[in-house]
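Colleague: Can you walk me through this one? I'd like to start with the packing.

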Amino acid sequence: MDWNNLGFEYCKTDFNVRFSYVDGKWSEMQVTDDEYIQMHMSASCLHYGVELFEGLKAFRGVDGKVRLFRVEENARRMQSSAARLCLPVPSEEMIVNACIEVVKRNERFIPPYGTGASLYLRPVMFGTTAGLGVKPSKDALLIVYCSPVGAYFKSGIKPILVAIDREQDRAAPRGTGDVKVGGNYAASLMSGEKAHHLGYSNVMYLDAAEHKYIEECGAANFFGIKEGKYITPKSPSVLPSITNKSLRQLAMDMGLTVEERHIPVEELPTFDECGACGTAAVISPIGKIFDMQTNEVYEYSQEVGPISMQLYTRLQDIQYGRAEDTHGWCTIVL
Ligand SMILES: *Cc1c(COP(=O)(O)O)cnc(C)c1O
């Protein structure tokens, strides 16, 4: 393995684990080396988007131990996504155990400490009942697989370019924006392509009702820093990011005030630092925001800001076992 040059591509590992829900009950955990599934062409996930997923990472630490970061939080979020799609809800224990098992069974794919690479876990679940009508799926499959992925920032943390799209929304108020279901991502592809075409890596979505308030940055949450405050949008259509939740805690530990509230677009010029946060990069500082419809431009430092850098470092120090895990966020797997 060339650990230093891994990207974010699927890479085959040795095993994945599965649970199936048939006849009103969950199976035992099955471990398989099969990458494929056999499914009826009329399965509800294929026609009606009855699909949800999660994403989390395992890290080889400075002490050689392997840590899963906040896996219980991912399990609980997966439960809320399953409930929202009227799928059978797996227990937290099933999901956590599946994640632990998949890490153990694929130990040789866990990148060594110091490469910045990690083992990405992808729990995925979908309705498999065949039928034509729109109704809840009686049967489901839950799979957890993994793939080694490279360091997000190959040459140090660097600000990204973001484009605001007012023509397409990611999620509606009271829709499914607060759960990690596939349909949200299908809906975001077109604005993503539009932004990429203009040279922007990420789309900033505004609230779908009024297009006044900041919601998210692609598949990452948004935060801004000013006047000793960490400010992040509060909205029922924002996906509750576990990275954001962790950064809010670390911000408080650092003595910052945390505000979860509406952030009007007009507030953008007042931030000293702003960024996108999620499992993939932890923090992507934002260097510039371009509004694709109004042509407004908001510019920030082309270097990562001091508060963002401190938050980024503190979170990674916990993930890699360099700092004490005072909040009990890590599960030591190996
Ligand atoms: C997964 C995701 C995030 C980030 O969540 P983390 O738990 O921090 O990885 C943010 N926004 C959206 C839309 C997402 O899908």
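Colleague: How many residues are in the largest nonpolar core, and which have the most contacts inside it?

Modeller: This is a predicted model. Its largest nonpolar core holds 36 residues, and L68, V103, L121 and M125 have the most contacts inside that core.

Colleague: Which elements give two or more residues to this core?

Modeller: Five strands and two helices are listed by name: β1 (16-22), β5 (56-60), β6 (66-69), β7 (118-127) and β8 (140-149), along with α2 and α3. The most comes from α3, which gives 8 residues.

Colleague: What does L68 touch, not counting residues up to four places away in sequence?

Modeller: L68 touches L56, K57 and A58, then C99, I100 and V103, then L121. It also touches W329, C330, T331 and V333.

Colleague: What other core lies apart from the largest one?

Modeller: Another core, of 23 residues, lies apart from it; Y230, Y312, L315 and Y320 are among its members.

Colleague: Switching to helices. At roughly what angle do the axes of α2 and α3 cross?

Modeller: Roughly 130°, with the axes of α2 (residues 71-84) and α3 (residues 92-105) coming within 9 Å. That angle makes α2 oblique to α3.

Colleague: Left-handed or right-handed?

Modeller: The crossing of α2 and α3 is right-handed.

Colleague: Which residues make the contact?

Modeller: On α2, V71, E72, A75, R76, M78 and Q79; on α3, E92, I95, V96 and C99.

Colleague: And how do the residues of that contact divide into nonpolar, polar and charged?

Modeller: The contact of α2 with α3 has 6 nonpolar, 1 polar and 3 charged residues.

Terms used
Residues are numbered from 1 along each chain as its sequence is written. This is a predicted model: local features need pLDDT of at least 70, side-chain atom pairs count only at pLDDT 80 or more; totals for chains, interfaces and linings use all residues. Side-chain values use heavy atoms; hydrogens and water are left out. Axes are lines fitted to C-alpha atoms, for helices over the stretch in contact, and angles run from 0 to 180 degrees between N-to-C directions. Helices (H or I, at least four residues) and strands (E, at least two) are DSSP runs, numbered from the N terminus. Angles under 35 degrees count as roughly parallel, over 145 as roughly antiparallel, 65 to 115 as roughly perpendicular and the rest as oblique. A crossing is left-handed if the near helix is turned anticlockwise from the far one by less than a right angle, and right-handed if clockwise. Contact means heavy atoms within 4.5 Å. Ala, Val, Leu, Ile, Met, Phe, Trp, Tyr, Cys and Pro count as nonpolar, Asp, Glu, Lys and Arg as charged, and the others, Gly among them, as polar. A nonpolar core is a set of buried Ala, Val, Leu, Ile, Met, Phe, Trp, Tyr and Cys residues joined through side-chain atoms within 4.5 Å. Buried means under 20% relative accessible area, exposed over 50%, partly exposed in between (1.4 Å probe, protein chains only).
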